[in-house]
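Q: I would like to learn how to read a protein model step by step, beginning with how helices lie against strands. Could you take me through it slowly?

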Amino acid sequence: MRIERLTLDDARRLGGPAGVAVHLRSLCASPASVQDAVREIVERVRLEGEAAVIDYTRRFDTGGREPKPLLVLPEALDAAIRQLPLDVVAGLQVAIANVAEVAQAGTRADATLDLAQGQRILLRELPVGSAAVYVPGGRALYASTVVMGVVTARAAGVLDVAVCAPPGPDGEIDAAILGTCRLCGVERVYRMGGAQAIAALAYGTDSVARVDVVVGPGNLYVQEAKRLLSATVGIDGFAGPSDLLVLLGASAGERAVELVALDLLAQAEHGEGTLVAAVATDPGLAERLDSELQARLAEVDTDLPLRAARAAIAEAADAAQAVEIANALAPEHLQLVGPELEALAWSVTAAGCLLVGSGGATAFSDYVAGSNHVLPTAGAARFASMLSPRHFRRRMAELHIGAGAATKLARAGATIARLEGFEWHARSMEARIGDNRDSS
């Protein structure tokens with residue numbers, strides 16, 4: 001992992017906090033780099049259906065071997081859960097319980113409004129009919145992503161929740177993922193990944209049921225497919241390669257430096273495309289953090305994922321400027337370490353997940369703390385939120401307009417309709433004036 005150092009002079013040269021944020025973001029590839037390839041995959045799945053998904057699975061996942069059926073049979077899920085060590089099951093149950101409790105707190109009741117003209121509006125919040133959780137593959141086993149996606153969808157009231165994950169060279173999904181699916185009550189699991197999996201879920205194939213919403217993290221190809229298909233299927237947002245920013249205050253001690261180095265390396269384990277960065281309000285702390293990272297990296301210099309991540313250590317004049325950089329970067333994860341920074345937690349306006357204090361390792365939020373680890377990346381925290389029941393629910397207005405309300409509303413609405421050139425809109429409303437039949 002190459003660590004880039006940015007001094008205060010560098011920050012000024014880059015144009016201040018906003019410029020530093022732009023520079024940090026530029027260290028990793030953008031979604032635009034895969035747009036053409038993803039468009040070709042999605043279009044082929046749309047036209048050829050399951051045959052295209054199987055072909056891409058053969059090429060990208062199973063190393064040329066003939067893929068197994070996309071749909072995992074229930075007995076395979078049952079067998080997988082029996083393979084999980086009991087301590088792993090216990091840990092997953094903690095995560096499931098905490099994520100469920102936080103998710104349940106995010107659900108909202110229906111509301112009834114009686115307005116001035118006499119009409120009544122019921123705001124009904126309904127779960128979508130079906131959803132799918134994408135679980136990334138590769139070198140890591142993201143059993144925790146099953147928990148984050150499935151438990152939250154269930155809390156939202158979605159009864160039909162599927163999971164898909166890319167198979168390995170043997171054509172199978174790891175038992176840890178399948179067993180976690182079973183712990184979460186999932187009945188339908190598909191052996192497929194990449195952009196082709198997103199397209200299959202959006203359009204449906206012979207054995208893949210079309211869903212209403214697809215959520216979950218993944219590489220640039222997965223996220224670009226979600227973006228491309230967002231008019232066909234609901235998505236949670238851009239949850240691509242991970243990023244972490246740590247703000248380190250001048251009063252933070254040596255122990256804090258050690259912990260922050262571990263936090264940065266932990267997030268760097270996600271490998272290629274990952275951005276890890278720290279902003280220190282003291283040049284000496286920045287130097288010590290750099291040395292600590294170099295020492296730790298020397299212990300794991302053969303770890304390819306760590307080497308593939310991009311890292312930077314920048315300096316800020318004070319805590320307020322450090323927070324300004326963070327708000328401009330809008331990181332997926334943001335840690336505040338040091339009393340002067342922790343006191344400014346209220347001023348953070350753009351982060352996927354904010355962890356305050358030296359005990360707040362991002363790894364806790366990745367697994368068992370209760371908050372969701374499916375978070376907006378690539379700066380999307382400026383306008384997007386962590387995965388929550390809202391991503392699986394939709395608001396529908398139910399209007400009850402009686403005769404009295406119709407008369408009052410028509411006199412107001414017809415003028416606007418004619419202003420916009422819609423004569424028949426105006427007549428449709430005016431036809432209800434004085435109508436004694438109550439349509440409520």
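Q: Which strands does helix α12 lie across, and at about what angle does it run to β1?

A: This is a predicted model, and that should be kept in mind throughout. Helix α12, residues 283-299, lies across β1, β10 (243-248), β11 (275-280) and β12, and it runs at about 175° to β1. Since the angle is taken between N-to-C directions and goes from 0 to 180 degrees, you can look for α12 and β1 in the picture and follow each from its start to its end. Helix α14, residues 319-329, lies across β10, β11 and β13 (333-337), running at about 170° to β10.

Q: In what order do the strands of the open sheet come, and what is their pairing?

A: Strands of a sheet pair through backbone hydrogen bonds, and the pairing can be parallel or antiparallel. Here 6 strands form an open sheet in the order β1-β12-β11-β10-β13-β14, and the pairing is parallel. The edge strands, each pairing on one side only, are β1 (3-6) and β14 (353-356). From one strand to the next, the twist averages 15°. To see one pairing in detail, look at β1 and β12 (residues 310-315), which pair in the parallel sense over 4 bridges, with L6 standing opposite A314 in β12.

Q: Which residues of helix α10 are buried, and what covers them?

A: An α-helix has 3.6 residues a turn, so residues three or four places apart point the same way. In helix α10, residues 220-228, the buried residues are L220, V222, Q223, E224, A225 and K226. Their cover includes α3 (35-48), β5 (130-134), α9 (194-203), β8 (213-215) and β9 (234-235). At the start of α10, a side-chain oxygen of N219 comes to within 3.0 Å of the backbone nitrogen of Y221.

Q: Is G240 buried or exposed, and what does it touch?

A: G240, in the loop between β9 and β10, is buried because its relative accessible area is 9%, and the cut-off for buried is under 20%. Not counting residues up to four places away in sequence, G240 touches G218, Q223 and T377. Places distant in sequence can be compared in space too: G240 and P31 are 209 residues apart in sequence, with their C-alpha atoms 8.8 Å apart. By contrast, L123 in strand β4 (residues 120-127) is partly exposed, with a relative accessible area of 26%.

Q: How many residues does the largest nonpolar core have, and which have the most contacts inside it?

A: The largest nonpolar core has 42 residues, and those with the most contacts inside it are V189 and F392. The elements giving two or more residues to this core include α5 (74-83), α6 (86-104) and α7 (143-155), and α7 gives the most, with 7 residues. Leaving aside neighbours within four places in sequence, the contacts of F392 include L126, G149, V213 and L387. Apart from this core lies another, of 31 residues, among them A197, A200, A202 and V211.

Q: Why is there no bond between the sulfur of C184 and the closest cysteine sulfur?

A: The test is distance, and a disulfide needs two cysteine sulfur atoms within 2.5 Å. The sulfur of C184 is 7.1 Å from the closest cysteine sulfur, in C181, and is therefore too far away for a bond. C164 is in no disulfide either, as the nearest cysteine sulfur, that of C181, is 9.9 Å away. C164 counts as buried at 0% relative accessibility, and C184 counts as buried at 12%.

Methods: Residues numbered from 1 in each chain as written. Predicted model: local features only at pLDDT ≥ 70, side-chain atom pairs only at ≥ 80, totals over all residues. Heavy atoms only, no water. Buried < 20%, exposed > 50% of the residue type's maximum accessible area, 1.4 Å probe, protein only. Pairing = 2+ DSSP bridges. Contact = heavy atoms within 4.5 Å. Polar contact = N/O pair within 3.5 Å; in protein donor to acceptor, adjacent residues only side chain to side chain. Core = buried A, V, L, I, M, F, W, Y, C linked by side-chain atoms within 4.5 Å.
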